Protein chains: 2
Amino acid sequence: MTIDQLDADLIALLKKEPRLGVLECSRRLGVARGTVQARLDRMIARGVIMGFGPDVSPAALGYAVTAFVTLEIRQIAGHDPVTEGLARIPEVLEVHTITGGADLLCRVVARSNADLQRVIDQIVEVKGVVRTSSTIALDTPVPYRVLPLVADVPRHRQGDARRGGSGPQRGVT
Amino acid sequence: MTIDQLDADLIALLKKEPRLGVLECSRRLGVARGTVQARLDRMIARGVIMGFGPDVSPAALGYAVTAFVTLEIRQIAGHDPVTEGLARIPEVLEVHTITGGADLLCRVVARSNADLQRVIDQIVEVKGVVRTSSTIALDTPVPYRVLPLVADVPRHRQGDARRGGSGPQRGVT
DNA sequence: TGAAACAGTGGACAAATTGTCCAGTTAACC
DNA sequence: GGTTAACTGGACAATTTGTCCACTGTTTCA
């Protein structure tokens, strides 16, 4: 469930210079190439690293407005048909079912405030949606990030991630 | 501000198989290698592609709980010192300033519900934070995605992204 | 105590990819 | 009609990848 300091360093390195090859990573981190390869494979296999996809900026595509929309839905309808309908709207980037007064929380983008109205109209049209409430994101002082979480490796028990030997010989020979 | 069908295809391809090289991309898309290279460079330069970082799953790291926390802050304090304080908490993944009753919306993760309390306590301790309200994400039927947005290229005006000639000879010669 | 399993090292090899040139062609803009 | 921009197809050396291999320490467990 936890990762290594080396794993963390590797992720941090790839976050900063993502087009780096395995060989170059091994040089930067001071370990053998096979080690880097194995670490990456393992983290991908364990699901820690879900992919390396290009991070696309909706803003750069002209979607300047981000909003959070909470939805109330007809309980009899169930969540699934509603989320399916929402998933069909490209501007809906994310949907969560949530606790509290509302049922769903969506992150949506639009080209402008006027365009946001169009998107919300599409959401309201989804069968099962009873009511919506929108909040516009004016600014994003802290954009989505995971690095601090990754860097937050328990200093003790560093060898947690390894099953067998821990750090047999780093740089020996 | 817009992208091409080819750009969209390229992004979609890289999303699906991110470790693909430029050469392989060019083969799959049926264009010259230089073209793929130029498209990538241009999209990166324009900010459409912000990076290729590894997508880390907080859940796989043991952070099973996701919550959205809205904050009210002392207006005299201003936003900046508060967001700085929030940015120092690793579990705070994202912060937006928002319209409506509250001032800030944060996305946070925690290892458990009990652990969420600890994180919220840390948030409350940030100087300038007056009140918080939390909503737990029970499920995420639509995980963050951008592909539908990218694929949503206007069929007409496809050559928008190019400055000079549009689609000179695709596959000719 | 000893064997097995595991993680890492360092080296080797052919095959593939990258970075970087080039000249030539087509289409749009002034 | 000239200029500019985008794309093609080809070439080159240098680097990287994908896989092998044998060997060394640790930890786990019987």
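To compare copies of a chain, they are superposed by least squares on the C-alpha atoms of residues with pLDDT of at least 70 in both. Done this way, a turn of 180° and a shift of 0.0 Å along the axis lay chain A on chain B with an RMSD of 0.0 Å. That is the relation of a two-fold axis. If you look for the part of chain A closest to this rotation axis, you will find A:Phe52, whose C-alpha lies at 2.8 Å.

A word on what you are viewing: this is a predicted model, in which local features need pLDDT of at least 70 and side-chain atom pairs count only at pLDDT 80 or more, while totals for chains, interfaces and linings use all residues. Residues are numbered from 1 along each chain as its sequence is written, and chains are lettered from A in the order in which they are written.

Next, follow chain A itself. Its domain assignment (bounds come from an automatic or database assignment) gives domain 1 (1-54) and domain 2 (59-137). The C-alpha centres of these two domains of chain A are 35 Å apart.

Now to the meeting of the chains. Counting residues as in contact if their C-beta atoms, placed from the backbone, lie within 7 Å, 58 residues of chain A touch 58 residues of chain B. The largest share of chain A's side, 8 residues, comes from E6(A), a strand (a DSSP run of E, at least two residues, numbered from the N terminus). The copies meet through the same surface, because 100% of the interface residues of chain A are also interface residues in chain B.

Terms used: Contact = placed C-beta atoms within 7 Å. Helix = DSSP H or I, 4+ residues; strand = E, 2+ residues; numbered from the N terminus.
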